[in-house]
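Here are my notes on the model you sent over. I have set them out as numbered points so you can follow along in the viewer.

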Amino acid sequence: MSLVTEHHRHGNNPFGILGKWGGHDDGEQNVLALNILLLGGRQSGRSSVGNALIGGEEFKTGTCISGVSMTTEHQLLRRNFPRYFRRKGAESDLTLRVLDTPPSFPRPKSVHELFPEGVHVLVLVVRADMHDNTHLEEHVETLFGPEWRRHALLVITHADHLKEAGLQPSDYLTQTTDWLRALAAKVEGGVSFVENSCDWPSVRGRPIRDRLLNLSARNHHSALTVRTEVSL
């Protein structure tokens, strides 16, 4: 999996486009390409989740201090995983185009211009010990409408705090804040818990990739359309 760094400017905002996959000429039927949008608040761990998904360290997270993300601009990375799964009896590549966003919610037109085909999977990222992003669901619905739930999965980072409190993930979800409990119940891709360590992206990448692949398959790999007529 080779990466080439490119830099583009999108309107007045810089976007880091990191990566094109090294090519081999498979037919289109042997490559599944999915657009993945990461959304979450400040220090939620979005960039680390992005690194887990693409299996590298290209997303900028700053110095790894307690897993805190320091993203200040949009970053888009595309990576191909050769022969990742079987589809219709044949080995297929999986290509992920993963967009990480700053803590401020992305403008609909920006997402649409980067993902004109739409978004296949939304990955919502929340820290287990920080519940300040109470408007996350409202923003997602503004961006995509009520269909977002069918395409979303929730990743809760810093899950080591649960162990310190003697909580199992299921107990945590019943005792957490109302908005997070409601969000976990709505996302059809389920909830993944990841602990806080500098090396967890390399350990947890495959399970999260498999979860989003299965979610996309349930939706027949259809994509959400960005509602560009709204403003945030």
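1. Let me begin with the rings. Rings of Phe, Tyr and Trp (for Trp, the six-membered ring) are taken as a pair if their centres lie within 6.5 Å, and planes over 60 degrees apart count as edge-to-face. By this rule there are 2 aromatic pairs in what is, please keep in mind, a predicted model. Tyr-172 and Phe-193 make up an edge-to-face pair, with 6.1 Å from centre to centre and 85° between the planes. Tyr-172 belongs to helix α5 (residues 169–175) and Phe-193 to strand β8 (residues 191–193), so this pair ties together parts that are 21 residues apart in sequence. Are the two partners buried or exposed? Tyr-172 is buried because its relative accessibility is 7%, below the 20% cut-off. Phe-193 is buried too, with a relative accessible area of 18%.

2. Another ring is worth a look. Tyr-84 has the charged end of Arg-206 sitting over its ring, 3.9 Å from the centre. Tyr-84 is also among the residues of a nonpolar core that I come to in point 6.

3. Next, please centre your view on Ile-36, in strand β3 (residues 31–40). Ile-36 is buried, at 0% relative accessibility. Which residues does Ile-36 touch, leaving aside its neighbours within four places in sequence? Its contacts are Leu-53, Leu-96, Arg-97, Val-98, Leu-99, Phe-115, Val-121, Val-123 and Leu-212. Val-119 is 83 residues away from Ile-36 along the chain, yet their C-alpha atoms are separated by 6.1 Å.

4. Strand β5 (residues 90–100) is next. Of its 11 residues, 9 are buried, so the strand is largely enclosed by the rest of the structure. With β3, strand β5 pairs in the parallel sense over 7 bridges, and Asn-35 has Arg-97 of β5 as its bridge partner. With strand β4 (residues 74–87), β5 runs antiparallel, joined by 10 bridges; there, Arg-86 stands opposite Glu-91. The hairpin of β4 and β5 has 2 residues between the strands, and Lys-88 takes a positive phi near 55° in it.

5. Helix α1 (residues 46–54) is a nice case. How many of its residues are buried? The count is 9 of 9, so α1 is largely enclosed by the rest of the structure. Polar residues are on that list as well: Arg-46, Ser-47, Ser-48 and Asn-51 are among the buried residues of α1, as are Val-49 and Leu-53. Just after the helix, Gly-55 takes a positive phi of about 70°.

6. Now for the nonpolar interior. The largest nonpolar core has 33 residues, and Leu-122, Leu-124, Phe-144, Trp-148 and Leu-154 have the most contacts inside it. Elements giving two or more residues to this core are β3, α2 (108–114), β6 (121–127), α3 (136–144), β7 (152–157), α6 (178–186) and β8. Apart from this core lies another, of 25 residues, including Leu-34, Leu-38, Tyr-84 and Val-155. Back in the largest core, Leu-122 is in contact with Leu-37, Leu-39, Val-140, Phe-144, Trp-148, His-151, Ala-152, Leu-153 and Leu-224, leaving aside its neighbours within four places in sequence.

7. Helix α6 shows its two sides well. Its buried residues are Trp-179, Leu-180, Leu-183 and Ala-184. These cover an arc of only 135° around the axis, which puts them on the same side of α6. The cover over the buried residues of α6 includes β6, α3, β7, α5 and β8. On the face turned away from that buried side, α6 carries the exposed residues Asp-178 and Ala-185.

8. Finally, some backbone angles to check. Most residues other than glycine have a negative phi. Gln-43, however, has a positive phi near 60°; its place is in the loop between β3 and α1, and at 31% relative accessibility Gln-43 counts as partly exposed. His-158 is not a glycine either, and its phi is positive at about 60°. The loop between β7 and α4 (160–164) holds His-158, and that residue counts as buried, at 3% relative accessibility.

How values were computed. Residues numbered from 1 in each chain as written. Predicted model: local features only at pLDDT ≥ 70, side-chain atom pairs only at ≥ 80, totals over all residues. Heavy atoms only, no water. Phe/Tyr/Trp six-rings, centres within 6.5 Å; stacked < 30°, edge-to-face > 60°. Helix = DSSP H or I, 4+ residues; strand = E, 2+ residues; numbered from the N terminus. Buried < 20%, exposed > 50% of the residue type's maximum accessible area, 1.4 Å probe, protein only. Lys NZ or Arg CZ within 6 Å of the ring centre and 35° of its normal. Contact = heavy atoms within 4.5 Å. Pairing = 2+ DSSP bridges. Core = buried A, V, L, I, M, F, W, Y, C linked by side-chain atoms within 4.5 Å. Arc of directions from axis to C-beta.
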